[in-house]
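Here are some friendly notes to read alongside the model. Please keep the structure open as you go through them.

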Amino acid sequence: MPDFTINELGSTLALTGLFIVIRKITENNVADWILQRFARPGCDILRNPKTEHKYREGCWKLFVHAWIVVYGLIALLPMDYLYDSKQLWIDAFNHKMTPVLYWYYMIELAYYCSEVLTHCVAVKRKDFLIMLLHHVVTLMLILTSYHHNLFRVGTLMMLFHDLMDPFLEMAKVGKYLHLKKFSYFMFLLLTLTYFYTRLYLIPFYVWKSVIYEVPLYLAQDLQVPYFASLYYFCNVLIAILMCLNCVWAYFLLAAIIRFTSGRELADTRSDDEHND
């Protein structure tokens with residue numbers, strides 16, 4: 001099974017630094033270009049420092065999430081385990097990781113490392129601690145699945161978990177730019193993608209497979225105390241992620257209710273909603 005060697009550590013640190021640098025460029029130069037080109041009359045982002053910070057942060061997250069999702073789709077669409085969960089576990093500890101999947105891991109790991117480093121200086125929201133917990137749990141799952149060669153289920157979790165993020169950031173950036181129709185359409189895609197991937201595919205395809213198919217295909221390995229502990233540990237981490245997904249589903253439903261009642265869409269996580 002692969003171990004986290006000096007090469008992996010070097011790749012992660014280099015990519016983490018690269019993400020931080022690209023974030024600064026995106027939040028400044030790219031965000032300014034988007035603002036000048038696409039903002040509609042009435043857009044007053046620059047008058048409110050807190051809203052401006054959120055807009056620039058949204059531009060960065062839109063860029064990085066779109067890039068990661070496209071890479072993940074290219075990497076996983078040809079894989080049989082995307083369509084047949086049994087392939088996740090048959091001879092699981094002897095699967096060979098391809099370079100494409102290796103870099104998918106390094107990119108995800110570096111991104112979440114950079115998010116943890118920058119999270120504490122970001123605009124504080126109601127879910128600040130929840131997001132921090134999410135980043136830590138996600139890092140633990142990425143490292144655990146990589147170290148134990150369970151990269152098939154690891155990459156599947158990463159893809160399903162990431163698919164809704166570009167729509168979320170496009171909806172938020174569109175709202176800040178007063179692109180109402182665009183923002184509403186992205187919000188619709190966000191809602192459909194969120195409920196399908198995070199509240200259906202993750203629990204009923206991935207987690208169900210972990211619960212029912214691991215004991216079936218890896219029964220002998222589970223007789224070893226270490227692997228039995230690993231099995232329960234991973235289930236706990238997935239359960240925490242699912243609880244967080246349910247919390248964010250509440251925020252999403254609150255935004256839907258707000259919209260259907262005739263009010264403007266807003267980030268219900270914000271501590272200062274009238275500025276959003």
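**Notes on the helices, loops and a cavity**

1. A good place to start is H178, which sits in the loop between α6 (165-176) and α7 (180-212). Helices here are DSSP runs of H or I with at least four residues, strands are runs of E with at least two, and both are numbered from the N terminus. H178 has a positive phi near 65 degrees, though it is a residue other than glycine. Most residues other than glycine have a negative phi. H178 counts as partly exposed because its relative accessibility is 33%; buried means under 20% relative accessible area, exposed over 50%, and partly exposed in between (1.4 Å probe, protein chains only).

2. Before going further, please note that this is a predicted model, in which local features need pLDDT of at least 70 and side-chain atom pairs count only at pLDDT 80 or more, while totals for chains, interfaces and linings use all residues. Residues are numbered from 1 along each chain as its sequence is written, and side-chain values use heavy atoms, with hydrogens and water left out.

3. What is the phi of N149? It is positive, about 65 degrees, although N149 is not a glycine. N149 is found in the loop between α4 and α5, and it counts as buried because its relative accessibility is 5%.

4. Turn next to α7, whose 33 residues should span 48 Å at 1.5 Å a residue; its end C-alpha atoms are 45 Å apart, which agrees. The expected span is 1.5 Å times one less than the number of residues in the helix. Look also for the kink of about 50 degrees at L201 in α7, shortly before the proline P203. The bend at a residue is the angle between axes fitted to the seven residues ending there and the seven starting there.

5. Helix α1 (residues 6-38) also has a kink, of about 35 degrees and centred on T26. The helix has 33 residues and reaches 44 Å from its first C-alpha to its last, close to the 48 Å expected. Its buried residues include L15, F19, T26, I34 and L35, and the buried residues of α1 pack against α2 (49-76), α3 (99-119) and α4 (128-147); contact means heavy atoms within 4.5 Å.

6. Is L13 of α1 buried or exposed? L13 is exposed, because its relative accessible area is 56%. The C-alpha atoms of L13 and F151 are 20 Å apart in space, and the two residues are 138 apart in sequence.

7. In α3, 15 of the 21 residues are buried, so the helix is mostly covered. Its end C-alpha atoms are 30 Å apart, which agrees with the 30 Å that its 21 residues should span. F128, in helix α4, is buried too, with 17% relative accessibility.

8. Finally, there are three cavities of 30 Å³ or more. A cavity is a set of points on a 1 Å grid over the protein atoms alone where a 1.4 Å probe fits but cannot get out, and lining residues have an atom within 4 Å of a point. The second largest holds about 420 Å³, a volume being the space filled by probe spheres set on the points, which are joined across faces, edges and corners. Of its 28 lining residues, the closest to its centre are L141, S145, V153, C234 and I238. At least two lining residues come from each of α3, α4, α5 (151-162) and α9 (225-260).

Technical notes. 1 Å grid on protein atoms, 1.4 Å probe; cavity = no way out; pocket = protein on both sides within 12 Å on 5 of 7 lines; lining within 4 Å.
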